[in-house]
Amino acid sequence: MQGDFSRTTFDAADSYRAVLLQQGRVLLDADWNEQAEITAHHDEVRTRDVVGRSGGPAPAAGATGPAAAGPFAVVAAGGSAPAGTAWADLRVSPGTYYVDGILCESTPPAAPAVGWPLTDQPHLPAIGAADPGLAEPAGTAPGDRYALYLDVWTHHVTADEDPALIEPALGGPDTTTRARTVWQVRAIRLKNGEQCSDLHVPGWSARTPRRMIAGLRPPDAGADPCLITGSGGYQRLENQLYRVQVHDTVSGGTFVWSRDNGSVVAALLTLAPGSGAGSATLGLDRVGRDEELSLREQQLVEVTSRDRELRGLPGFLARTGAPTGLTLPVTWLGAAPASLAALGSSPVVRRWDGGPLPVRTTATDLEAGITVRFPAGGEVRTGDFWTIPARTVRLAYGLTQLSGTIEWPPGDRGPTDQPPAGIVHHVAPLAILRRAASGWDLESDCRLLFPPLTGLVTVDLVGGDGQEAMPGDPLAEPVRVVVRNGSSPVVGARLSATTVNGHLSVGGVPDLTSPATLPKPPGTLQTLVTGADGVAAVRWLLDPAGPAAQTLTIRRLDDHGNPVDVPVVVTARLSVAAQVRWTPVCAGFAGTRTVQDALARLATTAELRLLGGDGQTVAAPGSVVPQPVRVVVDSPCGPVAGVTVVARASAGASGAGLVVAAVDGQPTPATLDNTGARKDAEVPTDDTGVAAFWWQPGFGNDRSGTLELSVAGASDPAIRVAAQLDPPGARRPGVHITRLTFATGVLFRNDSDVAVDDLVSGIHAELDGPVRQDSVQNKPVVRVELDLPWPLSGEDHQIWADFPVGYRTVVLDATVNADGALLVWWPSERTREWLVERMWTALGKARWDDPILGRLIIDGWAIVAEKDPAMHLNGHANARLQGGRTLLELPTDDEVTGGRFVQWFRLSRNKARAVDVPDVGRRTPAVARRLIEAAGLVVADEVDEPGLALRRGLVLRTDPPAGSPVDPGTGVVVVVSDGRG
C-alpha cells in the first residue's frame, strides 16, 4: 500500500490478538494499522476454517432470476448455462463468495442484466471499446479448455481514487486511506485432463516469486569515525519507509524505489503533447504538501491509473522539468500514453526517487548506505514490492543506542532473503469452459456452495430398510426416519411418504384382509410428523400382486407442503419360504385356491431379471466368458421354478456365438467349440427360480457380442447382455519383481551408488511367482550394461579427441538362470577380473574419476510363468523422487504386459557407507544447511510451507525425513515454516 506510513509491523507468526493503548503514550499509524490487520487476519482464518479454501452460499430453494444461479456463476447473457455462447455474452452472477477466508462481494448490475460481463467487470473494466476487461483468449480452436477463476487481493484506495475520503470541513487535506478487496475473473488454459478437483488443491496456478535482500554497506576501513558521512549503516538524518517495487518484467525485470513508500502522488487532470519530441505537459491538481513531499524538477515520475494497476500493467516513466503552477513538463523515458482516456479511471502521477534499475543478483545501491539484491530463482511480476523501514536512531530496552540502521530480518549469515510483501493474490476456480465451433460451452461448474447453518436440516433413515415379508404379511418393523438440524432433533417436521405398491399407515399395522382399515391405498401420500426425538415412523404392507422388490419414498415438506431435500428411498421384498406358504391373497391373485394351479398361472406373468454376467471381457475369439450369465424368474409371490428360459447368442465377424446350460460349481470351459453347443439353448429354472448359461460370444467389427434372454413363448427378449473383446495389448496379470539384492545381501536400488565388490557377487531378482527355467537359462533376458568413456585410446582417440567426449555401451559377459521365483545373474570369471582391476587401471590412465553409469535390464516379454505360459513377467514400475534420487516402487505392476524392467546405477571402485539424514527441525535454514553439508549431503532445494505451530523462518522437516539412510551426495529438500496456516 503506497500510503504515507511509517512502517508495517503485522506478522501472523507473532500470534498477537490485539493492540493495547497505554495512557499518556503516543499512538502511531503502525499501531492502528496493525490492529486492523490483526482483526482481518483473525476474521479470514476463522472463515477459512469454517468455509474451506473457497465457497459461497447456495441459492435458496425456488429462487428465480439471477439469484437462481448462486454467487459468481458463469452464465450466458440470459442467465442459462453457456452453450455455444459468444465471449462477449458471458457473465458472472452477483453475490458473495469467500476465497481463503476473504469476503468477495459483487453487487448486482443494473436491471435487467443477470451479471457482470467478463469483458467489463467492476474491478476489471473496459477502457474504451478497444480494450476489454477480460479479452477472449487468442488463437483458440474447438476443443480447447479454459478455467475461469477468481483472483482476489487487497487494493489501496486514496483520495485521488475516491474523493469522498476527503472531509470538506478540513479544507482539502487528506486524512486516512482505505484497503479494498478487489476481485477479477481471469482465464487460464488447462492442461490435458485437468478437472475441477485439480484446481481446488493448494498452490494451483501459484508462482514462485523472486526474493529480495536489503542490507547496509559496511563503513570504509579508513573512514574518520568522527564524521557522519564516514560511518557505516543508514546515513540519512530522517526516518524513512523505503519502497522497492518491480516496474516491468522485460529482460529479467526492472525496479524503482522511493524513500516515502511511493506516497508522493498528484491527480492527473490533463495530458497534452510537449514542445519537443518525446515530451508532454501534465496538468495536476497539486504539486505536493511541502518542499520535500512535492514534485520538482529532474525527478522520476510514473504516469499510471487505477485501471492499469488493477490490470498489473506498469506505468509510463518520465523525467520532470521545472513545474509552472500546476503544470508539469515531462520527458518520456520510453513509451508514452496515447491519451488521458487511454489510461482509464483515476489517472495519477507518482514520484519515485530512483530507477528504473535492473533486477540482479549483485548488490545495487539505493542511497544512504542501503543496498538491495535479488537472489537467483523465482519470477518477477509488475507490482511486487518490499518495504524497508530506515531509522536514524533505534533504542531498545536493555540495549545501548544504535544509530543508522534498517529493519530487515537477520540471519546466521547476514540479512535473509524475503518474498514480496505484496501483492498477495488468492485464487479460486469458478468454471471450466470448452471452446465449441460457435462459441463457449460450460463443461464444469467448479464453485463450492453451502447452505446457511439454519438450513442444515437433514432427513436420515434410522430403521426399516431391507425387510422381507410373505405375501399378505406386514413388514415386521416400521420404517423410521429422523429429521435433524446439525445434531439436534427437529420437532414437528412434516414429511410425505408414498409408495406405488402397498399400503401405508401411521397407526397400527394395516391388514390387507380388512380393506376398511387401510387409511391409504397404493400410490397416495401419507403425511408424517416428527415427535420429540425428531423421529417419524410409518407402517408398510407390501402389495402381494406387485413386483418382488418394492420401494417407499419419504421427503421433507416445507411450510407450503412442497417437497424439499433429497428423498429417502427404502426397499423391501416379497419372500417365498422353502416350503411355499400360500396365503389367500396369492390364491386370489392366481384365481385358484391351490398352490400348483397358482404357480402354473404365475409362470405366464413372471418377470425375468438379470442376476449377473453382463459386461464381461474375453481374451480372444473362441473363448468363454469367465462367469456364467445368470437370470431369475420372479413373480408377485416369489421366484418360480420350472419356467423355461431361452438364451440366443448373436453372430459376428469372428463366427457364431455359442451358448449352453451351466451347472452349479462347474469350472469355466476353455471353449464351446466341438462340444455340441448351439447358438441358442433352453434351460428350466431351478428351485430358486434361477437359470444359468455358459456363453462363447461371436464378435462383430466393434469387438462386442450380445446374448438375448427371454421366457419361452415371449415375443420379445426381456434381457440383453453384452461382452467385449480385450483390446490389443490389454493389460493381463503376470509375475512381478518384488525385490533386488546383490549376492552380498546389500539391497540394490535404482539411481544408487554401487561398489564393484557388490556387483561382481551377482544380482538376485526376487519374484512373486515361479517362472519357467527354459525361458531364462542361457538366454540374454537378464543383462547388465555399462557406459564406458569413449574414446580412451587407439585410432579413435587420435582421430576424434584426446579426451573422452561420449560413451560406448558394453554388455557384461555373465550367466543367467531361474530358480523358481528367483532370477540370478552372475558375471563370468573373466568379467569379474576385468571389473575389479583392469577397468579401473585403464580409466586411471585416462584420468577418468567419475563413476561408471550402468543398467540392469530384464526382458519381461521373454520370461513366462511356470503355471501359465500365457503369463509373462510384467516389468513396469512406477517411479518417485526422494532427495533428488529416482526410486522405483516395487513390486512391478501390470500396466504393461511383459514390460521391460530397467534400473540404472553408478559403479564405483569403492562405495562410501550410507549416511543418515541429520535432524535439523526447528533450526534456521542456514544452520540446517551447515549440518546437512557436514554429513556429506547437499541441500537440493529450500521451500516454504504453512506452519502456524512453528514461527516463520524455522525448519519444519526434511525430505527424505531425518534419520533416513541415504547415499553420500544425496540431495535433501529443506521445508521452512512461513508462519501461516
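Two strands count as paired when DSSP finds at least two bridges between them. With that in hand, let us walk through this predicted model, starting from the chain as a whole and then visiting a few of its parts.

The chain holds nine helices and 64 strands. Of its 981 residues, 42% count as buried. Take the contacts between residues at least 6 apart in sequence: 67% of them join residues at least 24 apart.

A good place to begin is strand S16, which covers residues 327-332. Its side chains alternate. Leu 328, Val 330 and Trp 332 point to one face and are buried, while Thr 327, Pro 329 and Thr 331 point to the other face and are not buried. Now look at the partners of S16. Strand S13, residues 279-284, runs antiparallel to S16 and is joined to it by five bridges. Within that pairing, Ala 280 stands opposite Val 330. Strand S15, residues 316-320, also pairs with S16 in the antiparallel sense, here over three bridges. Val 330 appears again in this pairing, as the bridge partner of Thr 320. So what links S15 to S16? The two strands form a hairpin with six residues between them, and Gly 325 takes a positive phi there, near 65 degrees.

A second hairpin, made by S19 and S20, invites a visit next. It has four residues between the strands, and Ala 368 has a positive phi near 55 degrees. Strand S19, residues 364-365, is joined to S20 by two bridges, and the two run antiparallel. In this pair Asp 365 stands opposite Thr 371 of S20. Which other strand does S20, residues 370-373, meet? Strand S9, residues 213-216, runs antiparallel to S20, with four bridges between them. Ile 213 has Arg 373 of S20 as its bridge partner.

Further along the chain, four strands form an open sheet in the order S49-S51-S55-S54, with antiparallel pairing. Its edge strands are S49 (737-742) and S54 (814-818), each of which pairs on one side only. From one strand to the next, the twist averages 15 degrees. At the S54 end, S54 pairs with strand S55, residues 822-827, in the antiparallel sense over five bridges. Ala 818 has Leu 823 of S55 as its bridge partner.

For a change from strands, turn to helix H1, residues 29-51. How far apart should the ends of its 23 residues be? At 1.5 Å a residue, the helix should span 33 Å, and its end C-alpha atoms are 33 Å apart, which agrees. Ala 30, Glu 34, Ile 38 and Thr 47 of H1 are buried. The buried residues of the helix pack against strand S4 (95-99). Just after H1 comes Gly 52, with a positive phi near 105 degrees.

Our last stop is the second largest pocket, which contains about 470 Å³ of space. It is lined by 17 residues, and those closest to its centre are Ala 61, Gly 455, Arg 556, Val 564 and Asp 565. Which strands supply at least two residues each of this lining? Strand S36 (549-557) and strand S37 (563-574) both do.

Technical notes:
Residues numbered from 1 in each chain as written. Predicted model: local features only at pLDDT ≥ 70, side-chain atom pairs only at ≥ 80, totals over all residues. Heavy atoms only, no water. Axes fitted to C-alpha atoms, helices over the stretch in contact; angles between N-to-C directions. Expected span 1.5 Å × (residues − 1). Buried < 20%, exposed > 50% of the residue type's maximum accessible area, 1.4 Å probe, protein only. Contact = heavy atoms within 4.5 Å. 1 Å grid on protein atoms, 1.4 Å probe; cavity = no way out; pocket = protein on both sides within 12 Å on 5 of 7 lines; lining within 4 Å. Points joined across faces, edges and corners; volume = space filled by probe spheres on them.
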